[in-house]
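Here's a quick tour of a protein model, going from the whole chain down to one strand and one residue. Have a look at the fold, then read on.

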Amino acid sequence: MRHLTLCASALLLVTACAPAPETDTQPYPPQTDADGLVDSHFTDTYRTHLETISSDEFEGRAPGTRGEELTIEYITDIFRDLGVKSLTNSDYTQAVPLVRIAPSRVTDMALSHNGEESSLEYRTEMMGWTNRVVDSVSVENSEMVFVGYGIVAPEFGWNDYEGLDVEGKTVVMFVNDPGYATQDPAVFNGNAMTYYGRWTYKFEEAARQGATGAIVIHEDGPAGYGWGVIAGGSPVRFTMKTENRNMHRAKLEGWVNADAAEKLFANAGMSLSEAHELALSSDFAPVSLNTELSMIVENEFSDLDTYNIVGMIEGSKYPEEHIIYMAHWDHMGVDPISGEIFNGAQDNATGTAGLLAMAEKFAAGETPERSIVFAFVGAEERGLLGSAWYGENPLLPLEKTVAGINIDMLYAHGPVKDFVVVGWNNSNMQNFAEPHVIAQNRYLAPEANPEAGIFYRSDHFSLAKQGVPVMYAKGGVDHFFEGPEYGQREASDFLANRYHKVADKFNPEWDLRGIHQDMWVFFRVGNELANSRVWPQWAEGNEFEAVRLESEAQRN
């Protein structure tokens with residue numbers, strides 16, 4: 001998982017706003033163990049899968065490495081033993097063509113204002129790059145224009161680009177969205193970020209508008225992380241290979257920090273706080289910053305393929321209709337300097353092992369009426385690229401995808417009462433989960449910090465963008481026996497000391513019963529949908545609802 005939030009949750013029983021449609025009774029009744037836990041055992045194989053996949057032998061499962069080869073071999077061998085059908089070839093793989101872009105030279109951002117020259121320093125005050133697969137890009141004297149939040153959202157009656165021609169210009173915009181800024185639940189989704197608040201969306205929209213450059217203003221609160229996350233990591237980027245070598249992207253993309261933004265706004269005679277007020281005004285219109293930008297980025301790049309691994313249990317009555325379970329198999333590989341291995345045990349061997357156990361459970365039972373797809377996607381740690389490729393190049397029609405269930409980084413420290421839904425009330429998918437969660441003496445809970453936009457940071461998002469209703473959920477921190485303080489302490493320790501570090505290793509002392517409970521919920525939801533005629537729906541007004549409705553006729 002590229003981005004993470006603490007899975008702290010409200011300790012109140014909460015339910016979704018709309019009931020799930022009635023479906024047939026499940027043939028897998030809950031079982032209670034000696035400690036009074038319900039569904040504490042899903043399969044006999046889960047622990048073995050988890051330990052194996054996160055072992056040193058798999059070398060951290062980085063794309064394009066021996067670790068990837070071993071992962072593919074391990075998963076496909078199990079698929080063959082189970083009789084799972086391939087949708088591609090004999091090894092179940094879907095190639096994901098990538099490009100590795102390494103900047104060899106990035107200049108400071110040169111600014112010209114009323115004949116006066118200044119600059120913003122690379123990494124200290126700004127970050128810049130290009131996703132175009134070219135040796136170099138040069139932006140010369142591009143007029144900088146403030147476009148508020150850089151959002152075009154018809155369902156919210158919002159268009160920051162209205163009446164503006166940005167060809168040749170560099171647009172500057174705030175991160176997050178007006179709902180977070182106002183904390184008004186009537187504005188966008190209030191405190192909960194929408195997709196329009198994500199910086200990825202803002203770069204995409206700027207390109208659609210024809211901008212030469214796209215710059216997002218970083219502030220810790222609305223971004224959800226500090227400037228060090230932007231400027232402190234590796235500048236090497238990975239992108240999907242496209243026929244036009246990403247020439248549809250803006251020539252320049254990047255960030256400036258708040259201090260740098262103050263300098264830019266001063267050139268237009270206003271402050272950062274005044275710009276915030278302006279961006280939220282009902283009569284907002286884009287504002288020239290009276291500044292021209294010049295910058296050069298030079299790249300070295302190389303092509304490589306990584307792979308999604310996809311199998312299917314074909315439905316007995318409606319094989320073209322399918323539920324897709326998804327988990328990313330990749331992690332960060334081997335540190336090139338120290339030689340230490342990023343084993344990625346929780347992130348995301350827990351999900352990879354879970355998806356294998358899911359395939360085993362479905363293969364051992366009665367064949368469902370609809371098909372079940374198991375998609376192990378790659379290059380999640382490089383930017384959700386494997387799932388994005390599948391979303392744009394699906395192996396089965398997405399208009400016949402009933403729903404998606406994402407399994408990413410499960411809690412390995414014992415059974416917990418809260419089943420945390422990321423993207424609370426985005427769709428009615430959580431309503432299908434609720435009765436099964438309650439049967440385990442647990443409760444649904446919303447994520448603790450929806451303003452961070454975690455819903456848009458894992459692989460299910462690649463399906464959501466294509467209109468597929470999805471569920472991303474997992475155990476939280478309200479430990480059955482030790483209480484929420486213990487659970488929160490374990491989650492915080494993982495974040496501080498193991499997340500995306502070499503210390504994320506398999507621990508034989510882990511209590512995996514909470515994961516087994518989650519797996520039962522995932523299984524029952526998918527099995528229930530697979531043996532029904534139900535089509536889950538996005539919440540009315542959700543940003544992905546319109547895409548789904550466009551293909552409604554193909555599901556009737």
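A word on areas before anything else: accessible areas come from the Shrake-Rupley method with a 1.4 Å probe. By that reckoning the protein exposes about 20,900 Å², and carbon and sulfur atoms supply 48% of it. Keep in mind that this is a predicted model.

**The whole chain**

What does the secondary structure add up to? The protein has 15 helices and 21 strands. Its C-alpha trace spans about 75 × 50 × 50 Å along the principal axes. How does the radius of gyration sit with the globule rule? For 556 residues, a compact globule would come out near 24 Å, and the protein has 24 Å, so the two agree.

On the inside, 57% of the 556 residues count as buried. If you look at contacts with a separation of 6 or more, residues 24 or more positions apart make up 83% of them. As for charge, there are 39 positive and 82 negative ones, yet their mean positions are just 4 Å apart.

**Strand E10, covered on both faces**

Now zoom in on E10, which covers residues 213–218. Is this strand mostly covered or mostly open? Mostly covered: six of its six residues are buried. One side carries Gly213, Ile215 and Ile217, the other has Ala214, Val216 and His218, and all are buried.

E10 also has strand partners. Here are two pairings:

| Partner of E10 | Residues | Sense | Bridges | A facing pair |
|---|---|---|---|---|
| E9 | 170–174 | parallel | five | methionine 173 with valine 216 |
| E12 | 252–257 | parallel | six | isoleucine 217 with valine 256 |

So to speak, E10 runs parallel to E9 and pairs in the parallel sense with E12 as well. Valine 216, the bridge partner of methionine 173, is on the side of E10 with Ala214 and His218. Isoleucine 217, which stands opposite valine 256, is on the other side, with Gly213 and Ile215.

**Proline 319**

Last stop: strand E14, residues 318–328, where proline 319 lies. Is proline 319 buried, partly exposed or exposed? Buried would need under 20% relative accessible area and exposed over 50%; proline 319 is at 27%, so it counts as partly exposed.

Which residues does proline 319 touch, once neighbours within four places in sequence are left aside? Glu314, Glu369 and Ser371. Proline 319 also sits 8.8 Å from isoleucine 372, C-alpha to C-alpha, although they are 53 residues apart in sequence.

Terms used
Residues are numbered from 1 along each chain as its sequence is written. This is a predicted model: local features need pLDDT of at least 70, side-chain atom pairs count only at pLDDT 80 or more; totals for chains, interfaces and linings use all residues. Side-chain values use heavy atoms; hydrogens and water are left out. Helices (H or I, at least four residues) and strands (E, at least two) are DSSP runs, numbered from the N terminus. The radius of gyration is taken over C-alpha atoms; the globule rule is 2.2 Å times the number of residues to the power 0.38. Buried means under 20% relative accessible area, exposed over 50%, partly exposed in between (1.4 Å probe, protein chains only). Contact means heavy atoms within 4.5 Å. Lys and Arg count as positive and Asp and Glu as negative; His and the chain ends are not counted. The place of a charge is taken as NZ of Lys, CZ of Arg, CG of Asp or CD of Glu. Two strands pair if DSSP finds at least two bridges between them.
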